[in-house]
Structures are given as structure tokens and as C-alpha cells.
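Welcome! Open the structure in your viewer, get your selection tool ready, and let's walk through a few stops together.

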Amino acid sequence: MNPRTRALVVLMFVAGVPASAYAQATLAGVVRDSSGAVLPGVTVDASSPALIERTRSGVTDGTGQYQIVDLRPGTYSVTFSLSGFRTVKREGVAISGAGAITINTELSVGGVAETVVVQGETPIVDVQTTRHQAVIENKTINELPIARGYGALLAAVPTLQGAGASSSSSVNPSFFTVHGGPANEGTVQLDGLNVGAAFNGGGVSGNAYDTSNAQEVQLVLSGALGEAETGGPRLNIVPKTGGNTFKGSVFATGAGRWAQGTNLDDKLRAQGVTEAAGLIKLWDVSAALGGPIVRDKLWFFANYRDEGNHTDIPGLYANKFAGDPSHWDYAPDPAIKARTATSKTVASVRLTTQPTPRNKFSFYYDYQWDCDQGGMSQSGGCRPRGSDWVPGAVFGAGFSPEANTNYWDAREIISQVTWSSPVTNKLLLEAGYATFVSHWGWMKQPGALTNLVQMTTIVPTFRIYRGVDNILDNTQNPNTWRASATYVTGAHNLKFGYNGAYHVEQTTDLSNDAGYVLTDLGFVVPGLYSATIRIAPWQQSNRTEYHALYAQDQWTVRHLTLQGAVRYDRAWSWFPAEHNGAPQAGVWNRAPITFPETKGVTGYNDITPRGGVAWDVFGNASTSLRVNVGKYLQSANNQENYTVGNPALDGRNGRRGPNFQTTASRAFIDFNGNHVPDCNLIDATPNGECIAPDLGNFANPNALTQVNPEVRHGWGVRPYDWQFGVSVQQEIMQRTSLEIGFARRWSGNFFVFDNINLQPGDFQLVTVTAPSNPKLPNGGGNTAQYNIVKPDVNASNIQDRYTFASDYGDWTNHWSGVDVVLNSRLRDGFVLQVGSSTGRAIVDNCAVAAKVPELLNPALTNPSPFTSNIYQTASSCRKVESWQTQVRGFATYTVPKVDVLLSGIFRFQPNSMFGFGATPEGNSLGLSANYALPSGQTVNLLPPGRVFGPRINQVDVRFGKILTAGADRHTNIAVDVLNLFNANTGTNFQMNYGDGSGYLTPTAILNPRIVKFNVTVDF
């Protein structure tokens, strides 16, 4: 039985057993009579157009408590009725998020027909759950001055880390985390189902998730119970579903060169920065419509969107000699500029049907056509190059346009089906399945120069040019599913759930026709080159699957709510025989290279507890004390331990390994000046122009990484982290709360690559004196020590062993910090969320580094050219970060009577450069100073996590006028000003020290001020 079939069978079986991953808000409270005695048997009806069934009900139990779960965002009327008592109806209750909203009520003696209508404020303090969340409603999302994508939205959320530095005028993917966690742990969900990639955490992808048509976006930051696999933030897009009334919207925005200013000043020009990123054009046009197909039975919501962005790359031009085989040099062509160019065309539809009053089904299909960058010819492909421009490299100005491809011409499809059934007022059943089919990569462009050998120069300028080499094609298909049951009484909220996933990923790497690239080392010895050879095509294919069961309960006793959960996870992985290895003979392999189907993780089993306490301190739902603690796991998908056993793993393009060494470099002296290595490159002995036996374990099938068998299975083997939080939330005025909290995360189960051909005795402790330079801490001149491989040791012969870090010693990693969040949703339309997060991480793996010194230079375990061969200080095994504080937030307000919209986003944050992997980031590694020693090695003069660039301060604003034509027709004409104060802080820097003159020169700065015009019509 294949994994998809098995998933459907299990879903059918356990559908009768909420995935809180899809949790909506809960309405809860206590009903009393006028004497203060609790009233059992009170019927509580929550009614709203947001519910397709219109009304959802609950009944108070013997303690007078009630709970109504799974309420979608909207405005509700809540009615309390009991025979012998006057009916109380509370109007205008605003429901949002996934927490608990407390509405306590008093009933007085009288007839049921007598109704008391109450207008009251919706409580803003959550006194019943320990989950920490941020909620942004649809109206607010579309009023903010942001690109319509999740990455731009995340940049406004307090306490989050990541999500980029510059104000974004286009839709971009974004890695995100919280409280120092791994950069790839943030997860995007649609209707409670993960729709991220099948690899590298599985949290996000390049998909243009539809946030502008969400009813709301819920972001769980911490304190999740049994529904969560990982402890990272989860962004859940709650979609619109249509209803019995036709409603829709049209949106358009655009800008061009005219819309952007310049933020260059004399200081930047003096550092050699003469250009900023120049907007060429951007556009985003969409139309959405929802309504009934069959009234009260079948509804639809459809959306069409076309968006894109073209931007000049500062300082990058076409190579004047591109395509000329007689030229081995580079010269920029000032008449042909390089640019980034992206676009997406999206069409989606959601059908929702309620065939019976207690059964609702939803079907969703989203189709996206992606066209990123463009071809190197003026015809063919999704975007031919122009006569005055070429597609550039997103990896920086060091790549000449013809030497790199970020071309993406392919499709992505998200399909989803969900079912929910409030069987009774106490029992709710739910199930869902989602699949994401994606084809992406750095594909071969039309007109790609694969017939010319790529050249890299280091002196006088680092430059890669002449031909393209690194071509990557990836297909992936993550499948996720969930099923759950919720049983609610007044005091208890009991949940049982199941979820699982099956992740499919396969990659093909291609190379140029010659099968090698050159690096000019003539600055060391005249005529010296390095030829890096690579087996290609090379394929890798991974499969990972997991299943999880959880049970949780929430029990309210007077003013105290206790929450507890336990979760069981089982995960495994394997690598099929197909699509692993070299599918055909090539330049460096005389026959295909194949591997049998191989098991990866044979079975990880984990039981993780989570719990918390929420205390309504004064019993009036205005002050809460919340404590949460829980253990969470690293995501089970095609990453880290799940792929480390793949025999085809080559360590390239961010992948782990190598298990099979597909690349090697040979040094040769070009005696005849033809730029061709006149020798046998795969003969390990010196021959012809080849002067050194430096192949290492190239193409050696017996040099696979030795994976400790105990790493692949067992109880409690998966990487994990514990989280603890305590906070106080206080309503400081109506609909405004302030929360102050302390958070701590500590991680465990670390793993290392140990090059068994290197022993601690092969390293020597070298003391380096930093040069004097005011750009270095304290002006430089300090000394630092490094464990560097001895000169007589061959470091290119790599044979790795992968095992537990605890085999060598202790490894600790923890983050601690304080969050402060102010949240206000005033009745007059003013919305404000602003918060700060201050924290730092402390990491200590010195006991491990003492026995595995190569831990401080990853190139000693991975020879890939994508791994920097840089030694970190010997003391960097203990990283004590400097404390860092960030402040983020947003505000919107519509001025009454004149209907003028004012909104803004503000970010005041550290200049942190977050990665995209599974290692806890802390506050990021900070800046480096990569200093070349006379002996040929390169060392980083700076300690990790201690030195950062200047802080980033940005404000984006929107000014708009709302025109009304009838009760349901509104037109919003607005102007966005991004980077209002035209800040020009550097966001990336030259960190190769060189002679020091260019060190820390900005290689990228904040985007200059941009003005965008927007028109939104709602009807």
C-alpha cells in the first residue's frame, strides 16, 4: 500500500476520532443568576454570517460553564436562554484568532420571551489558553502598505525573527523563526494544513500564498499543544469560502522608475557604492469573487492574479565578451544592464458545500505559473532577454550574468479537501488532505552558455564569468493530512487528533559541456589554475514519511484553566533506486552510477508532553497569568538525519554530505597558455600539466559517509527543543492589552560529521594577530587562536563519520529573552500591534570541538565549492551572543467622516543575516572578517554572534481615500510610501578582509524610497 493510499485509509478510520492545527476561536464563559449562583442547562447560541450553518450552539454544564469551539472569524450575536429566565442577547462580539474569548453573563428571572439586548466590548485578554499568537484580520491585511505576500506580512509581526531586511515591493518567500530557533522552522499553513516544501524544514516555499483573500491570518508564536510537531511559529491562512451573497474585489497597483528615489550619499560613494537597487517596474493585478452556486448548499470563491517585479542589480552589467570563445577575460558592457525579473500568474478556486446541516466539505485548487529571471537569448522561454538588459544573478555582483542561472519557468499546484461535522453541540469531527506539486530550480535558460568553460578570478576582483555551470532542476510533492475529534463540555475541552505527511523530493544537477570549471590562481604562481571537475547529470531522490497521534484536554476550574497534551510521533525515510546517481555515462564516469533502494531513518519514535496554566487573576477576564512548557521536535521531512544516509548525497547546493564525492579539484600550470588542463584530470598522480595528487575520494564508491546505525532509529533520537514561557497580560483600557513575557528555549540531540582521516593531532594551534583597522572591534591588533591543519597533512582526502555529538562530549544551546506586546483594536477602527523582543543565545560545544576540530571549518568535512574554507577561532566553540532588541509593529486607522485611511509598518531591528537551515540561529552569526594568512589558510577574525552591522530602522506608510457608493461598494484609492525616511543602511557587506581597504563596504543597502499607487474596489 503506497503512502497516499495508506493516508486515506487512516483518515477514514480516525475521522471519527480538531486538529488544533486548524483551531479556530473558542467562545467560553460562565453563566450565573442574579444571586451569583451558577446556572446549568443554559443554551448558548453563537450566530454570524461567517458560519455557513449560521448558528452554532452550546449548553452550560453543572459548573455553569460553556464552550463553543471552531468559530470562524467574524462578528457574532451570542444568545443565552433558559426557561424561567429572561433571554440575554449580546451583539457585536468580534471573533478572531485561535484563542479563547471569554463572555460571562448573568440571567435574571423572567420569561424566555423577554430579551435583554446588550452591547459590550469583546474581551481582548485570553484567560483560558496558554498559546501565544498574533492575528491579522482581512481588513487590516489589505490596509497595510505591503506587497500582497506572507513574507511582507511577517515583517510587521512583533517578536518574529527573519523575514528580510528591506521593505519589499514584490512577493518574496521568507524564512522565519522566533526566540532564536532554526531559520527553517517557520511553517505556512492553509486551512490548517502545511503547504510548504518537501525539504529543508518543509515550512515555506516560493509559492505566492493568497493572504489578501484570507479571512484572517493566525500566527501561533509559542505555547502550542498536541497539534504541533515543531516549536516554531506557524502561519495559518484562514481562507474565504463564499456565502449566500455575491461579494468580490478588484485590486491593482503599479510603479516604475519614476516611483523610486535615490538614497545614495557621499559616505556611500566614498566607499565605492555608486548604485542602489533600481526599480524598473512592478505590477500586481487581481480580481476575486465569491457567492452561491446553490443557495444554502454550494458556494464558491475564486481568484485571479498577475504580479511581477523587475529591478536593476547595482553594479552588474553584461559581459562584453560573453559567448566569445576566444576571450578568457571579462569586461562589463555599460550599455547592457543586469536585472532581476520575476512574475507569477495565479488562478484559484474554492468550492464549499454543506449537503446536510452537520456536514461541510471544502475543495480547493490553486494553479501558479512562475517565470523568474529570463533567457540569455532574445527569443524563447518565458522571458527572453532584451537588447539592453540581461537576467542577472541573485547571488551577488561577483557572478557575471552569463555564469549563473536562476531561471524558473514551471508550474506549482496546491490541492486541498477538508471536511468538518459538528455532530452534536459537544462533538466536532474534522479531517483534511493537501498536496503541493512543485517544479522549480535554477533551470537551463534558453541560450545558456554551457559550451564555454566557466572561469573564476580572485585577484584583483572576485568574478565568475564566461559560461554557466551550476544548473539545478527540482521536483517535489509534499502531502499532508489530518483528522481529529473534539468533545466539549462546559469545563472540559477534550481533543484527539492524528496528522501525517509524505514528502517526495528529487533533484537533477547538470553541468557545462566540458564537465569542469577553472579558477585562476596566477596571483600565487604565474600560469597556475585549479580545474574543478564534476560528475553530471547527477540525481538525488528522497522520501520521508511521518505519522502522529495526540490527545489533549483543557479543564477550567473557577478562574484557573489547566491544559495538557501528549503526542506520539513516528518518522522514517528511504531513497528509491530510481533517480539516485548518474543516469548516464558522462565526461568523468564511463558508465551510469546506480544505487539500490536504501533505507534512511528506519524509525524514530518520540513521546512529547506539553502543558500550561492560565489564571484569570481577578475573575473579570481583564488580567491573565499564563505559563506554558513543552517539548517539540525537529520537522520530519527531507533534511538532516532523514537524508544523511542517501548514498547519492553529494554535499552541493546546501545539501548535506558528501556520501559520494562528485566534485574534485586538480591544480595545473598552463604552460602553453591555452587555458586547457593538458593532462588526465582523473589520474590521481601528477601528469602532464597536472602537478598535485588532489582528487581526494572523487567517484570512490567505497568512501561513503559512515553513518552510526544508532542515529537512524530509536526512541528520543530526533533533535528536539524544550520551551518555557511565563507572561502577564493586562487590559489597560477597553480593547487594548499589554503583555510582558519571559521565554526560554533549549535544544538537544546534536550530530556531527567527523572526518576520520583527520585526528586532533593533525591540527596545530596557531596564534594570529589581527591587523590594525578602525573597522575591526577596538581597532584591531588583538590576537586570536585557531586550530589549523598542519602543513604536512592532506586535508583533501575526506572520509566522514556521522554520529551523535554526545559521543565526543556535551553540546548545549539555549536562548532566553523578554517579549513585550501591545495590542489594540478600538471600536472606531484603530488597530495597533507593536512589540519588542530582547534576547540572546549561548552555545557551547567545546568538548566536541576538542575531539573534532574540523567542526570549526566545515570545508574539512564537505569539499563542495559551496562550503567556505574558513577557520573560526578556537574559542568560538562557545558562542555568547550580545543582547539584541528588535521592535516591530503596524497600525491602521480610518479617520471618521472624511474616510481617510492612514496605516503604517515600522521595524527597528538588529542587522542580522539569518540563514535557511535547521540549526538554531540565535541572533544570527553576525559579521565576519575573513582574513587570508601568508600560509594560505583563511581565518575569521571576529567571534560569532558578537559583531553586527548598524541597526535597521524603517517606516512604511499608506495614505488613502475611501469612496462609498451604496452600503456594499467601496473604492479605496491609496498611495504607499516604502522606506519613508529613505534610509540607506547596508544590509550585506564585504566580509573578505583583503588588504582592509574594502572591508565592510556595503554590497547591498536598503531599497530607496518607493511610491506605489493602489486601487481597491470592494463590492
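**Stop one: a glutamine in a loop**

Select Gln937, which lies in the loop between strand E52 (930-932) and strand E53 (938-940). Keep in mind as you look that this is a predicted model. Now show the surroundings of Gln937: leaving aside residues up to four places away in sequence, Gln937 touches Ile788, Val789, Tyr871, Tyr931 and Ala932. Which side chain makes a polar contact with the side chain of Gln937? Click on Ser935, whose side chain does so at 2.3 Å. For a sense of distance, add Gln445 to your selection: its C-alpha atom is separated from that of Gln937 by 36 Å, and the two residues are 492 residues apart along the chain.

**Stop two: a histidine in a strand**

Next, select His814 in strand E47 (residues 812-825). Residues up to four places away in sequence are again not counted here, and His814 touches Arg744, Arg745, Trp746, Arg840, Ala841 and Ile842. Zoom in on Arg744, because a polar contact is a pair of N or O atoms within 3.5 Å, and the side chains of His814 and Arg744 make one at 3.5 Å.

**Stop three: an open sheet**

Now switch to a cartoon view and find the five strands that form an open sheet, in the order E26-E25-E29-E30-E38, with mixed pairing. Which strands stand at the edges? They are strand E26 (463-465) and strand E38 (663-669); each has a single partner strand, so one side of each is left without a neighbour in the sheet. Going from one strand to the next, the twist averages 20 degrees.

Stay at the E26 edge for a moment. Strand E25 (residues 455-457) pairs with E26 in the antiparallel sense, over three bridges. To see one pairing, select Thr457 and its bridge partner in E26, Arg463.

**Stop four: the disulfides**

Colour the cysteines next. A disulfide is a covalent bond between the sulfur atoms of two cysteines. How many disulfides does the count come to? The count is three, and counting bonded cysteines along the chain, the pattern is 1-2, 3-4, 5-6.

Begin with Cys371 and Cys382, whose sulfur atoms are 2.1 Å apart. The link of Cys371 and Cys382 is right-handed, with 80 degrees about the S-S bond. Cys371 sits in strand E21 (residues 359-372), while Cys382 is in the loop between E21 and strand E22 (389-391), 11 residues apart. Are they buried or partly exposed? Cys371 is buried, with a relative accessible area of 2%, whereas Cys382 is partly exposed, at 21%.

Move on to Cys679 and Cys690, with sulfur atoms 2.0 Å apart. The link of Cys679 and Cys690 is right-handed too, with 40 degrees about the S-S bond. Cys679 and Cys690 are both in the loop between E38 and strand E39 (706-707), 11 residues apart. Cys679 has 19% relative accessibility; buried means under 20%, so Cys679 counts as buried. Cys690 is buried as well, with a relative accessible area of 3%.

Finish with Cys846 and Cys877, joined by a disulfide with an S to S distance of 2.0 Å. The link of Cys846 and Cys877 is right-handed, with 85 degrees about the S-S bond. Look for Cys846 in helix H5 (residues 846-851) and for Cys877 in the loop between H5 and strand E49 (878-880), 31 residues apart. Cys846 counts as partly exposed at 26% relative accessibility, and Cys877 counts as buried at 7%.

Key
Residues are numbered from 1 along each chain as its sequence is written. This is a predicted model: local features need pLDDT of at least 70, side-chain atom pairs count only at pLDDT 80 or more; totals for chains, interfaces and linings use all residues. Side-chain values use heavy atoms; hydrogens and water are left out. Helices (H or I, at least four residues) and strands (E, at least two) are DSSP runs, numbered from the N terminus. Contact means heavy atoms within 4.5 Å. A polar contact is a pair of N or O atoms within 3.5 Å; within protein, one must be able to donate a hydrogen and the other to accept it, and residues adjacent in sequence count only if both atoms are side-chain atoms. Two strands pair if DSSP finds at least two bridges between them. Axes are lines fitted to C-alpha atoms, for helices over the stretch in contact, and angles run from 0 to 180 degrees between N-to-C directions. A disulfide is a pair of cysteine sulfur atoms within 2.5 Å. Buried means under 20% relative accessible area, exposed over 50%, partly exposed in between (1.4 Å probe, protein chains only).
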